[in-house]
Amino acid sequence: MSGSVSPALHAGQRAPDFELPVAPDHRVGTAQYRGRPAVLAFYPADWSPVCGDQMALYQAVMPEFERYNAGVLGISVDNVWSHRAFAQDRGITFPLLADFEPKGEVARRYGVYDDRAGVCERALFVLDGDGMVAWSQVTAAGVNPGADGILNALEGLDSGRRPVL
């Protein structure tokens with residue numbers, strides 16, 4: 001966590017509620033995912049090679065996420081227009097949320113904003129249906145964290161046991 005304002009949230013903590021724009025006239029937030037798991041994928045920037053690969057992977061794995069009734073939200077400090085073009089180019093159908101203004105406010109609340117770079121860190125959070133962090137991981141900006149950790153956490157929630165951290 002190169003420049004975070006505080007440590008990333010971890011399992012057992014309440015996830016801060018938020019609502020961010022997915023389009024100029026439409027907002028999406030954590031309240032819409034109550035009662036089912038939510039995957040929050042913070043990433044540094046649209047159009048970067050690793051971010052593009054990571055978001056495309058989550059789109060490809062979407063049937064597995066849906067098996068657990070989990071919603072997926074991608075979050076970066078890019079604006080809604082960048083997100084729209086990026087999603088169209090990559091075939092991404094899950095919401096990409098703009099933590100654009102005030103820049104990085106939600107990422108800061110989750111402890112994953114890099115002040116020096118001015119972007120979200122690459123971080124994953126799996127929230128349970130009650131809005132508690134069930135699992136989290138912060139990865140170096142140049143590393144694609146894949147989907148195994150997310151799927152393990154969702155499996156743990158589905159089976160009634162806590163995920164292995």
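This report describes the sheet, the helices that cover it, the nonpolar cores and the cysteines of a predicted model.

**The sheet**

An open sheet is built from five strands, ordered E5-E4-E3-E8-E9, with mixed pairing. The edge positions belong to strand E5 (96-98) and E9; each has a single partner strand, so one side of each is left without a neighbour in the sheet. On average, neighbouring strands of this sheet are turned by 20 degrees against each other, direction ignored.

The strand pairs of the sheet can be set out as follows.

| Strand pair | Sense | Bridges |
|---|---|---|
| E4 and E5 | parallel | three |
| E3 and E8 | antiparallel | five |
| E8 and E9 | antiparallel | six |

Strand E4 covers residues 71-76. Serine 76 has alanine 98 of E5 opposite it. Elsewhere in the sheet, phenylalanine 125 in E8 stands opposite leucine 40, and its bridge partner in E9 is serine 136. Five residues lie between the strands in the hairpin of E8 and E9, and in this hairpin glycine 131 takes a positive phi near 85 degrees.

How many of the six residues of E8 are buried? Six of the six are, and the strand is mostly covered. Both of its faces are closed off: Arg122, Leu124 and Val126 are buried on one side, and Ala123, Phe125 and Leu127 are buried on the other.

**Helices over the sheet**

H1 lies across E3, E4, E5 and E8, and runs at about 20 degrees to E8. H5 lies across E3, E8 and E9, and its angle to E8 is about 15 degrees.

Gly149, Ile150, Leu151, Ala153, Leu154 and Gly156 are the buried residues of H5. They pack against E3, H1, H2, E8 and E9.

In H3, the buried residues are Val80, Ser82, His83, Phe86 and Ala87. Viewed down the helix axis, the buried residues of H3 fall within an arc of 155 degrees, so they line one face of the helix. Trp81, Gln88 and Asp89, on the other side of H3, are exposed. The cover over the buried residues of H3 includes strand E1 (19-23), H1, E4 and E5.

**Nonpolar cores**

In soluble globular proteins, nonpolar side chains tend to be buried together. Here the largest nonpolar core has 26 residues, and Met55, Tyr58, Phe65 and Ile150 have the most contacts inside it. Two or more residues of this core come from each of strand E3 (38-42), helix H1 (49-60), helix H2 (62-67), helix H3 (80-90), strand E8 (122-127), strand E9 (133-139) and helix H5 (148-158). H5 supplies the largest share, four residues.

Which residues does isoleucine 150 touch, apart from its neighbours within four places in sequence? Its contacts are Val39, Tyr58, Phe65, Leu124, Val126 and Trp135. Of these partners, Leu124 and Val126 are on one side of E8, together with Arg122.

A second core is separate from the one just described; it has 25 residues, including Ala8, Phe18, Val77 and Tyr113.

**Cysteines**

A disulfide is a covalent bond between the sulfur atoms of two cysteines. With a cut-off of 2.5 Å between the sulfur atoms, the count of disulfides is zero. For the sulfur of cysteine 51, the closest cysteine sulfur is that of cysteine 120 at 9.5 Å, which is too far for a bond. The reverse also holds: cysteine 120 has its closest cysteine sulfur in cysteine 51, at 9.5 Å. Are these cysteines buried or exposed? Cysteine 51 counts as buried because its relative accessibility is 0%. Cysteine 120 also counts as buried, at 1% relative accessibility.

**A loop residue**

Aspartate 115 sits in the loop between strand E6 (113-114) and strand E7 (119-120). With a relative accessible area of 38%, aspartate 115 is partly exposed. Aspartate 115 and glycine 104 are separated by eleven residues in sequence, and their C-alpha atoms are 9.1 Å apart in space.

Definitions and conventions: Residues are numbered from 1 along each chain as its sequence is written. This is a predicted model: local features need pLDDT of at least 70, side-chain atom pairs count only at pLDDT 80 or more; totals for chains, interfaces and linings use all residues. Side-chain values use heavy atoms; hydrogens and water are left out. A nonpolar core is a set of buried Ala, Val, Leu, Ile, Met, Phe, Trp, Tyr and Cys residues joined through side-chain atoms within 4.5 Å. Buried means under 20% relative accessible area, exposed over 50%, partly exposed in between (1.4 Å probe, protein chains only). Contact means heavy atoms within 4.5 Å. Two strands pair if DSSP finds at least two bridges between them. Axes are lines fitted to C-alpha atoms, for helices over the stretch in contact, and angles run from 0 to 180 degrees between N-to-C directions. The arc is that of the directions from the helix axis to the C-beta atoms.
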